[in-house]
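Open the model in your viewer and keep the selection tool ready. The stops below go from helix to sheet to single residues.

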Amino acid sequence: MYEELKNSDYEVYLALNKEFTRESENIELIASENFASKNVLMVQGSILTNKYAEGYPSKRYYGGCEYIDQIENLAIERCKKLFGAKFANVQPHSGSSANMAAIRSLINLGDTILGMSLDAGGHLSHGYKLSFSGKDYKSYSYGVDVNSGFIDYEEVYKIAKEVKPKLIICGASAYPRKISFKKFSEIAKSVGAYLMADIAHIAGLCATGYHENPLPYCDIVTSTTHKTLRGPRGGLIMTNDEEIAKKVNKNVFPGIQGGPLMHVIGAKAVMFKEDLEDSYKEYIHQVILNTKAMCDEFIKLGYKLVSGGSDNHLLLIDVKSSVNMSGKEVEKLLEKVNITLNKNTIPGDTLPPLESSGVRIGSPAMTSRGFKEKEFIEVTRLIDKAIKNKDDEIKLKNIKEEVISLVKAFPMFNR
């Protein structure tokens, strides 16, 4: 790949080729990553990169936007159809910028928000002290029951009654169970708060009906487009409220962003079309089956899973309790054998986030390459084998060869 770069920019050419080899020969288990299709990659790297288009379709600051408008309108309409939304803004550059614009559309600076804590599976932009969400707003958090690993909705209600938030945020980046947006809606209404759902991780599951659709229950819904949706890296905002929609448009542009990334929006349009196909629903179903297969196998092998399993695309393992290793140690060990995952905090974690007591494992990326239950069971056994032979370099080398042999049968671009 990238042969045209070879003579003009050898350093970048070399790095790109190495990354292509890494992705091709690795088992990718980071729950927030996926493999975009050739068409998504093609449009993201297209001449749309050249065009400035501040504003919105039919209301641009610059001229020459007639075809740009067509593309953005396609992305908007396809997004609305996929999720059953009345309004969508597809311009946010990321999930965090989507969250910033969404929060600004609902409450004022300094108001109180209630979001999920990081160790329970929440996200930085849900109120963490070092994020804009924790600096610009008075932030409180709810967690999960430490013993069960599930959200305790009664406890969320008690906290909400006490802190009286103007906004409640639900959704997570490391929570392996279904989220009841209906229950969160009841809590929000009981305390007079807005409700925002961040479905960055589970967007694909919500869009295909395997998880509850948050739109009937939430004032605003945000998401990324590069996780279970399998698109370019970016964000989006949806709502069914016309007045909130107007505020969203103003808060995205000119509120926090300038010119939209039209090459990314074009790739989002392609992604939404792919996600409206029947094959995408089959893909999401396989993602869920693959996660469950891993859960069952890890439990058989004696590992402790947070919440005892999973209802979605990811699982969390308490490796500190299971194998007396930190999440960081497991992450670094598995890199040696071409298996990529990430360390992750777990409920009640006693280690700092950069060490952590857990690891997060996701099935979306390798499901995109064609892995089914059989392959994920084999992956689980390879992980266990590497951990049990962590000090044996020869055995680790052999495991790496097994990994490379396994992924060769599942090419990067199979759709």
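What do the buried residues of H11 pack against? Select helix H11, residues 262-275, to find out; keep in mind that this is a predicted model. The buried residues of H11 pack against helix H3 (38-44), helix H4 (66-83), S10 and H12.

**Stop 1: H11**

Stay on H11. Twelve of its 14 residues are buried, so the helix is largely enclosed by the rest of the structure. Colour the buried set, which includes Met262, His263, Val264 and Ile265. Charged side chains belong to this set too: Lys268, Glu274 and Asp275 are among the buried residues. Now check the length. The end C-alpha atoms of H11 are 20 Å apart, which agrees with the 20 Å that 14 residues should span at 1.5 Å a residue.

**Stop 2: the seven-stranded sheet**

From H11, step to S10, one of its packing partners. Select strand S10, residues 235-239. S10 belongs to an open sheet of seven strands with mixed pairing, in the order S4-S10-S9-S8-S7-S5-S6. Strand S4 (87-89) and strand S6 (138-142) are the edges, and each pairs on one side only. On average, neighbouring strands here are turned by 20° against each other, direction ignored.

Zoom in on the S4 end. S4 and S10 pair in the antiparallel sense over three bridges. Label Ala88 and you will see it opposite Met238 in S10. Then add helix H10, residues 242-256. H10 packs on the sheet and touches S4, strand S8 (194-198), strand S9 (220-224) and S10. The direction of H10 makes about 5° with that of S4.

**Stop 3: H12 and the three-stranded sheet**

Go back to H11 and pick up H12, another of its packing partners. Select helix H12, residues 278-300. H12 lies across S11 and S14, running at about 20° to S11.

Those strands lead to a second open sheet. Three strands make it up, in the order S11-S14-S13, with antiparallel pairing. The edges are strand S11 (314-318) and strand S13 (342-344), each paired on one side only. The twist averages 35° from one strand to the next. S13 and strand S14 (residues 358-362) are joined by three bridges. Label Lys343: it stands opposite Val359 in S14.

**Stop 4: Asn290 and its neighbours**

Is Asn290 buried or exposed? Asn290 is in helix H12, and its relative accessible area is 0%, so it is buried. Show its contacts beyond four places in sequence: Ser363, Thr367, Phe371, Lys372, Glu373 and Phe376.

Two of these contacts, Phe371 and Phe376, are worth isolating. They form an edge-to-face aromatic pair, 5.7 Å centre to centre with 80° between the planes. Phe371 counts as buried because its relative accessibility is 1%. Phe376 counts as buried because its value is 0%.

**Stop 5: Asp384 and the Tyr303 ring**

Select helix H16, residues 373-388, and find Asp384. Asp384 counts as buried because its relative accessibility is 6%, under the 20% cut-off. Beyond four places in sequence, Asp384 touches Leu301 and Tyr303.

Follow the contact to Tyr303. How many aromatic pairs does the structure hold? There are nine. One of them joins Phe298 and Tyr303, edge-to-face, at 5.3 Å centre to centre and 80° between the planes. Both rings belong to buried residues. For a ring cluster, select Tyr52, Tyr61 and Tyr62, which ring pairs link together.

Before leaving Asp384, draw a line to Glu54. The two are 330 residues apart in sequence and 51 Å apart in space, C-alpha to C-alpha.

**Stop 6: H2**

Finish on helix H2, residues 10-25. Its 16 residues reach 22 Å from first C-alpha to last, close to the 22 Å expected. Which residues of H2 are buried? They are Tyr13, Asn17 and Ser24. Look down the axis: these buried residues fall within an arc of 30°, so they line one face of the helix. Their cover includes helix H1 (5-8) and helix H17 (393-408). Now rotate to the face turned away from the buried side. Exposed Glu11 and Lys18 are carried there.

Definitions and conventions. Residues numbered from 1 in each chain as written. Predicted model: local features only at pLDDT ≥ 70, side-chain atom pairs only at ≥ 80, totals over all residues. Heavy atoms only, no water. Pairing = 2+ DSSP bridges. Helix = DSSP H or I, 4+ residues; strand = E, 2+ residues; numbered from the N terminus. Axes fitted to C-alpha atoms, helices over the stretch in contact; angles between N-to-C directions. Contact = heavy atoms within 4.5 Å. Buried < 20%, exposed > 50% of the residue type's maximum accessible area, 1.4 Å probe, protein only. Expected span 1.5 Å × (residues − 1). Arc of directions from axis to C-beta. Phe/Tyr/Trp six-rings, centres within 6.5 Å; stacked < 30°, edge-to-face > 60°.
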